[in-house]
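Reader: I'm new to this one. Could you walk me through how to read it?

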Amino acid sequence: MNVLVFLIPVSVGLGLLGLAAFVWTIAKGQYDDPEGSRQRPLDDRFDDAPKR
Amino acid sequence: MTAACPACAALPDPARAATAAPDLVLHLPDIHCAVCIASVEDALNAVPGLGEARVNLTLKRAFVASGGVSPDTLIDALARAGHRAQIFDPGLLGGQDRSGRDLLMRVGVAGFAMMNVMLLSVAVWSGADHSTALLFHLISALIAVPAVAYSARPFFGSALGALSAGRLNMDVPISVAILLALLASLAGALLGHDRAAWFDAALALTFFLLVGRYLDHMGRSSARSAAAELAALEAPQAVRVVDGREEIVRATDIQPGDLIRVRPGDRLPVDGVILEGETDLDRAALTGESQPDAVGVGDAVAAGEVTLTGPLLVRTLRAGADTSLRRLADLVAAAEMQKSRYAGIADRAARVYAPLVHILGAASFIAWFYATADGWRALDVAISVLVITCPCALGLAVPAVSTVTTARLFRKGMLVKSRTALERLAEIDMVVFDKTGTLTTGRMTLTSDLSEADLMLAAGLAEGSSHPVSRALAAAAMRRGVTPAKLSDLREIPGHGVTATTEAGPVRLGRADWVGATEGATALRRADGSVLPLAFSEELRADATDTVAAIRDAGYEVTLLSGDAPDAVARMARTLGIETALPRMSPEAKAAWLSAAKEAGRKPLMVGDGLNDTGGLAVAHASIAPSSALDAARNAADLVLLSDHLAPVAEALRAAKVAKARMKQNIAQAVLYNVVSVPVALAGFATPLLAAIAMSTSSVTVSLNAVRGQK
């Protein structure tokens, strides 16, 4: 069972990574304009880089 | 644990989000696609000196770093690109976006913690030995305690608020269950007890209830922000004349005695007396009267009326809160108080449920302590009772349905503003319509059969005026494909009509007595001196007849309350097949009529648009305003139509009934699940595993029932 010493921190760490990513997306305002995000890819000008 | 801290740090921080410093918000009501986004952003970026511009399609707004460019320049630039734009004052919206993000963050944290603790719990459930289980419990505690402390704060706050006010609400048993489960499990883990730990249950409870809360918030905030948006768009302004100079000021800054200049087409901002000029005054908003009145020097005018033909100079008698609008506002305020006391299904369920849960929990603790004399065992059973009775499904039952229905109605062109509107709409048994502006478009149509030459002449004269009659003539000419005659010396005499000269002699279009006719209200004088009376009627909304018929066929009693003259109202009622039609109703009379109907046990729905309807809209059991309504009416209404059609009214009544049935089904489901599981918990057989399964399945079935397709 010694392997738990690594496995538990790894599993919790991965979870935290996911949470951090979620927090980052909120902070970047990625949920502020779902309708716009759905439409913007249809326009050519955003092909190379998305508008910030 | 650091889980809460990055969350705090990432919470919307306006100062930081504003690095691009969008200091100007434009409202773009017409944008709807990728091409619109691109053309708006292009148009704005082409304006020299402008910083960053970004369109938010969901909110239909553009956030612009203006860099000192005036808003009017931007609106002009957008108009050239073919977009309607208005300045938008975000200050009136308050921090609504914030609380949405805040809830989402809590959902995320609770979800993360729940999944991790659930993983550890699976090992315990499948039979980890004593020391491993203990280690897992400690790790679970390490994750769960900070996560609950952060995520469940909305529940704790609301529960404390209710308790300090001496009341019980649904958040009290929720908070007690979460806290008891957490603290007892924590004590067990720290003391090394080999007992079931409820960390996952506490987190699952928090997570599912937060999801319900978030759905509820999303549903209402989109509607509320749209309603506030409508209000934020109309910051009324006035032109004040000081020492012969004109200046534009906010209508709220006008003082009694100030001189106000009102241009044709403007809505009067104050009550007062006309000092100069004469005009036709549209009083429909205040009285429902469809024909404009001719007024001149010395006549009294009231805030909310619109001058149609001539410019006026008005001496202010009453301004701001003292205007005649005020008594309407008082009516509205009184009725809103009453309405806010309406208890929705969820509140009523909670009122029964919350005490019951506490009694059950306390009773099971006492009974088990008495029977076994084992405090920990008794506490365990009490916690399992609290956790199992604590209704995730009940928390989701109503918001899930109202979110789905609100979104569906929004796609059909209807905005649900009030939280309990759907439930009240489902109880409606009679529908009361206003006439002018609601069943009609507020425009006139020509009903006389004119020869082509007469119509050509009349339309030519009509070009000199923007009076509703002139617009009706222009529209009639356009429909028949008649080109308006070219007339010279075209002049509008405010309050009377339009005059011009032709080679054969002078021609006139206007009030019958001024033109020289003996009958009718409006007449045309041809060049040879003969007079032709013209008849007009109000233009019905395209689907008014069908909508009224559909509502009547669905079993609702339909009534027409109008401030207009008896014959106009009777004609309209006949056309639409409405049996009860009451003319000459003042704003107070409308509100009184609706109150009387309510006292007689009826549940009236008011559909109206004018200032004269606001009292009625507020008093009625539920209310709907068309998009063309004045902001006061839209504020008082529970639902706002977004299109020019009335059909959504019938649709909303139907959808509300379905929604209410779904809410009841959902609550019944949640109760059924309790009926089955509470005896198990009371008997002491409930385990954290059972609680986790029951909680998830009931929440999922309730949500699925909400989104199930409607026939």
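Author: Sure. This is a predicted model. Let's begin just past the end of a helix: H25(B) is followed by Gly684(B), whose phi is positive, near 90 degrees.

Reader: How many residues does helix H25 of chain B have, and what distance does it reach?

Author: For a helix, you compare its end-to-end reach with what 1.5 Å a residue would give. H25(B) runs over residues 647–682, has 36 residues and reaches 52 Å from first C-alpha to last, close to the 52 Å expected.

Reader: Where does H25(B) bend?

Author: At Val676(B), by about 30 degrees. A proline, Pro679(B), follows within four residues.

Reader: Which residues of chain B does UniProt annotate as "transmembrane region"?

Author: The unreviewed entry lists several spans in chain B, including 172–191 and 670–695. Try reading each against the model. Residues 172–191 of chain B are 100% helix and 0% strand, with end C-alpha atoms 28 Å apart. Residues 670–695 of chain B are 81% helix and 0% strand, and there the end C-alpha atoms lie 10 Å apart.

Reader: And the contact between the chains: how many residues does each one give?

Author: Chain B puts in 26 residues and chain A 25. On the chain B side, the elements giving two or more residues are helices H1, H3, H5 and H6 plus strand S2. H5(B) gives the most, with nine residues.

Reader: What kinds of residues make up that side of chain B?

Author: They split into 19 nonpolar, five polar and two charged.

Notes: Residues are numbered from 1 along each chain as its sequence is written. Chains are lettered from A and ligands numbered from 1 in the order in which they are written. This is a predicted model: local features need pLDDT of at least 70, side-chain atom pairs count only at pLDDT 80 or more; totals for chains, interfaces and linings use all residues. UniProt positions are given in the numbering used here, feature names are shortened, and annotations may be inferred rather than shown by experiment. Two residues are in contact if their C-beta atoms, placed from the backbone, lie within 7 Å. Ala, Val, Leu, Ile, Met, Phe, Trp, Tyr, Cys and Pro count as nonpolar, Asp, Glu, Lys and Arg as charged, and the others, Gly among them, as polar. The expected span of a helix is 1.5 Å times one less than its number of residues. The bend at a residue is the angle between axes fitted to the seven residues ending there and the seven starting there.
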